[in-house]
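Hi,

Here is the structure I promised to pass on. Have a look at it first, and my notes follow underneath.

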Amino acid sequence: MLRSRDPLIIGRIVGDVVDYFDASARLRVLYGNREITVGSELRPSQVANQPTVRITGRAGSLYTLVMVDPDVPGPSDPSEREYLHWFVTDIPEGGDVGRGKKYLHIEEHLFGCMHAGTEVVAYEKPQPMAGIHRLAFVVFRQAAREVIYAPGWRSNFITRDMAECYSLGAPVAAAYFNCQREGSCGGRRWQG
């Protein structure tokens with residue numbers, strides 16, 4: 001895809017959250033039965049529950065997923081960029097994260113249960129107060145299973161710094177949706 005037409009560049013996820021990368025995995029995010037497409041419009045009531053996420057790419061790989069809002073508290077003054085909504089590690093290739101399941105421990109995986117990842121920071125539903133917010137899901141391929149620690153705060157999380165700290169390299173997949181306060185219409189109103 002031409003960089004000039006890449007929706008992650010047009011939506012400024014590339015730039016505000018991550019640097020340009022070549023996708024090498026596929027990310028599917030579903031809220032209920034609705035799969036998000038890059039740039040989808042969803043209301044807070046539609047994203048109140050943790051989504052189901054499926055990552056496919058290289059067989060046998062493990063992945064790290066972060067969900068951030070780069071527009072907190074508002075798009076015109078994102079002084080708390082990025083706000084961390086969710087952080088999951090050790091997601092096996094092809095494994096589903098979500099569907100209300102509890103995350104299983106490694107020991108359970110070894111005894112035959114499906115391992116859905118290790119939740120480092122629990123899902124927190126988006127609650128935009130002003131403007132249209134972008135909610136980004138960013139996926140990294142892990143070199144190996146490792147302990148990743150929860151940050152001490154959700155505000156001012158920096159995806160690039162986390163990836164560097166844990167030697168995750170460039171993202172392998174990303175997606176985002178737009179979200180605004182319930183009852184907001186977005187955009188300008190015509191006054192005739």
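Twenty residues line the largest pocket, written in the notes as 20 residues, and Leu 8, Ala 23, Val 38, Ala 174 and Ala 175 are the ones nearest its centre. A pocket here is an open set of points on a 1 Å grid over the protein atoms alone, where a 1.4 Å probe fits and protein lies on both sides within 12 Å along at least five of seven lines; lining residues have an atom within 4 Å of a point. This is a predicted model, in which local features need pLDDT of at least 70 and side-chain atom pairs count only at pLDDT 80 or more, while totals for chains, interfaces and linings use all residues. Residues are numbered from 1 along each chain as its sequence is written, and side-chain values use heavy atoms, with hydrogens and water left out.

The space in that largest pocket comes to about 360 Å³, taken as the volume filled by probe spheres set on the grid points, which are joined across faces, edges and corners. By class, its lining has 15 nonpolar, one polar and four charged residues. For that split, Ala, Val, Leu, Ile, Met, Phe, Trp, Tyr, Cys and Pro are nonpolar, Asp, Glu, Lys and Arg are charged, and the others, Gly among them, are polar. At least two lining residues come from each of α1 (7-10), β1 and β10 (173-179), and β1 gives the most, with four. Helices (H or I, at least four residues) and strands (E, at least two) are DSSP runs, numbered from the N terminus.

β1 also belongs to an open sheet of four strands, in the order β2-β1-β4-β7 with antiparallel pairing. Strands count as paired if DSSP finds at least two bridges between them. β2 and β7 (96-97) are at the edges with a single partner strand each, so one side of each has no neighbour in the sheet. Between β1 (residues 26-31) and β4 (residues 52-56) there are five bridges; Leu 27 has Ile 55 as its bridge partner, and Leu 30 stands opposite Thr 52. On the other side, β1 pairs with β2 (residues 34-35) over two bridges, one partnership being Tyr 31 with Arg 34. These two strands make a hairpin with two residues between them, and Gly 32 in the turn has a positive phi of about 65°.

Now the charges: the structure holds eight salt bridges, each a side-chain nitrogen of Lys or Arg within 4 Å of a carboxyl oxygen of Asp or Glu. Arg 134 pairs with Asp 16, their closest N and O atoms being 2.9 Å apart. That pair links distant parts of the chain, with Arg 134 in strand β9 (residues 133-142) and Asp 16 in helix α2 (residues 13-16), 118 residues apart. Arg 134 is buried at 11% relative accessibility, and Asp 16 is buried at 14%. (Buried is under 20% relative accessible area, exposed over 50%, partly exposed in between, with a 1.4 Å probe and protein chains only.) Both residues sit in a salt-bridge network with Arg 12, Asp 71 and Arg 81.

Arg 160 and Asp 19 form another salt bridge, at 3.1 Å between the closest N and O atoms. Arg 160 is partly exposed at 29%, whereas Asp 19 is exposed at 51%. Back in the hairpin strands, Glu 35 and Arg 28 meet in a salt bridge (3.1 Å, N to O).

What about disulfides? With a disulfide being a pair of cysteine sulfur atoms within 2.5 Å, the count is zero. Cys 165 is exposed, at 57% relative accessible area, and Cys 179 is buried, at 1%.

Cheers
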